[in-house]
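Welcome! Here are a few short exercises, each with a worked solution. Have a look at the structure below, then try each task before reading on.

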Amino acid sequence: RDLYRLLIEGSMILIDNEELWVARHTEIAAAVTSHPSISASSEALASSSLGHADFPERERKFIYVLQGETASVEYEVDDAVLASDDATTCVIAAAVCRDTGVATIAHFDELTSKSRVCLDKFLAASERSSAEHDAVLSHDLYLLGGMVESSGVGLSTLTNLLWSLHRRPGSHFHLRLACVQGLNTLPTGHPRHRSLALDPSTAEVRVSAPPVPPNRGPQLPQRLAHHWLTPPGSPSVLVSIYDAKHQEYALGSCTYTIPRWLAVNAAYLLTLDSETLLCKTSTSPFCEGPNFVRDVRAAMKFIVLASAEFRDAKPFAPAATAHKWDGHAWIDAACSGLAGEKPPATRCHSPADIFPSSPYHQPVVVEGTRFVEHLHLHHRRDPEQMDVDIPGSSWSSPKPKETHQHPAPSMPAVAD
């Protein structure tokens, strides 16, 4: 009965133009990964010399999404490559709708893969473009990630996503690539690939040496922090980061509140060495890419500094911004019309520029209604590790008495 209803509503995943027949959602991941064509496409991706090459000929415009983000382009007028990386238990999904000329990419985790709202947002651009037509939409679908691991998070994420697509009314999804589960897991337990880059105009799919791409777009610390700033229990949402009509990275204004416990935890994480930080913040700590720890630190630093600027846990909203591609880098759209004047501060380069290796000497002051705290950030032996101290916190280290002529300010005790 379920299969009949799926056919009547026009929804289905197809492989080699044949319907994927499954009776229960628990069978769908195995049905996909055991298909000979899917196995062959994953092996071809792994063995291809082009798989680890950059897109040739010129600097390409990459639209890069982080975990929990999505972006769509009208690929016939917007020559962009859609990309994401650091997918271990997560699944990167890219869909190209030839009927509407829209290509979309999203980076799903276990929570967003369960959400009907997130799937609607992932496919909103192509379905909105087809509003005047009653025909069933046809998408080319590419999936990567969802490795095999002990927690089962990768399998759960993949199963949720496949089943939701399989049952979605009014759409056919031609599965071109599913480098997932056993097809994306090495005998060592590590993922074969964590990155996916798709040129929708040519249907070229690449996996590149991380990071993919080196320029991961503007306002990276704020985007990285968004996941951590979402209150526990809040509905899972995909954040749309690209305005296809104006061809701009468009980060809408989100309102955040940083409670003291979050500021303290963020500061604490900044004190940890890389190995400990990795184990505390990853579902697959031994399989993450080289960006993971640096990204967590960038997010934590954003939270700590924001908590110092926006005091008393009051809501704040970073300014909404837009960035355009100038042929080499993303620049602030407000400055893009100034011929010959593109301030260096508006340009976005590698992740290393976001979290520089130079020391942080300035004290960060966090004020509350009943206390004042000084967070001193400076480097330790690990060049990425910092000493962060909030006097009165349970993990604060005793400091030797100051000997210079300006004594440290007195502070009231803070209850744990």
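**Exercise 1.** Is arginine 223 buried or exposed?

*Solution.* Keep in mind that this is a predicted model. Begin with the relative accessible area of arginine 223, which is 7%. The cut-off for buried is under 20%, so arginine 223 counts as buried.

**Exercise 2.** Find the surroundings of arginine 223: in which helix is it found, and with which residues is arginine 223 in contact, leaving aside its neighbours within four places in sequence?

*Solution.* Step one: arginine 223 is found in helix 7, residues 220–229. Step two: leaving aside neighbours within four places in sequence, its contacts include Tyr64, Val65, Leu66, Glu69, Ile241 and Tyr249. Step three: look at the polar atoms of the arginine 223 side chain. One lies 3.0 Å from the backbone oxygen of tyrosine 64, and the backbone oxygen of arginine 216 also lies 3.0 Å from a polar atom of that side chain.

**Exercise 3.** Work out how the rings of phenylalanine 108 and phenylalanine 122 are arranged.

*Solution.* The count for this model comes to five aromatic pairs. In the pair of phenylalanine 108 and phenylalanine 122, the ring centres are 5.5 Å apart and the planes stand at 85 degrees, so the pair is edge-to-face. Next, place the two residues: phenylalanine 108 is in strand 7 (residues 102–108) and phenylalanine 122 in helix 5 (residues 116–129), 14 residues apart. Finally, check their exposure: phenylalanine 108 and phenylalanine 122 are both buried.

**Exercise 4.** Now do the like for tyrosine 242 and tryptophan 330: which parts of the chain does this pair tie together?

*Solution.* Tyrosine 242 and tryptophan 330 form an edge-to-face pair, 6.4 Å centre to centre with 80 degrees between the planes. Tyrosine 242 lies in strand 13 (residues 242–243) and tryptophan 330 in strand 16 (residues 330–332), so the pair ties together parts that are 88 residues apart in sequence. Both tyrosine 242 and tryptophan 330 are buried. Widening the view, ring pairs link Tyr242, Tyr249, Trp325 and Trp330 into a cluster.

**Exercise 5.** Describe helix 10: how many residues does it have, and how many of them are buried?

*Solution.* Helix 10 covers residues 292–309, which makes 18 residues. From first C-alpha to last, helix 10 reaches 26 Å, close to the 26 Å expected. Of its 18 residues, 15 are buried, so helix 10 is largely enclosed by the rest of the structure. For the protein chain, 49% of the 416 residues count as buried.

Terms used: Residues numbered from 1 in each chain as written. Predicted model: local features only at pLDDT ≥ 70, side-chain atom pairs only at ≥ 80, totals over all residues. Heavy atoms only, no water. Helix = DSSP H or I, 4+ residues; strand = E, 2+ residues; numbered from the N terminus. Expected span 1.5 Å × (residues − 1). Buried < 20%, exposed > 50% of the residue type's maximum accessible area, 1.4 Å probe, protein only. Phe/Tyr/Trp six-rings, centres within 6.5 Å; stacked < 30°, edge-to-face > 60°. Polar contact = N/O pair within 3.5 Å; in protein donor to acceptor, adjacent residues only side chain to side chain. Contact = heavy atoms within 4.5 Å.
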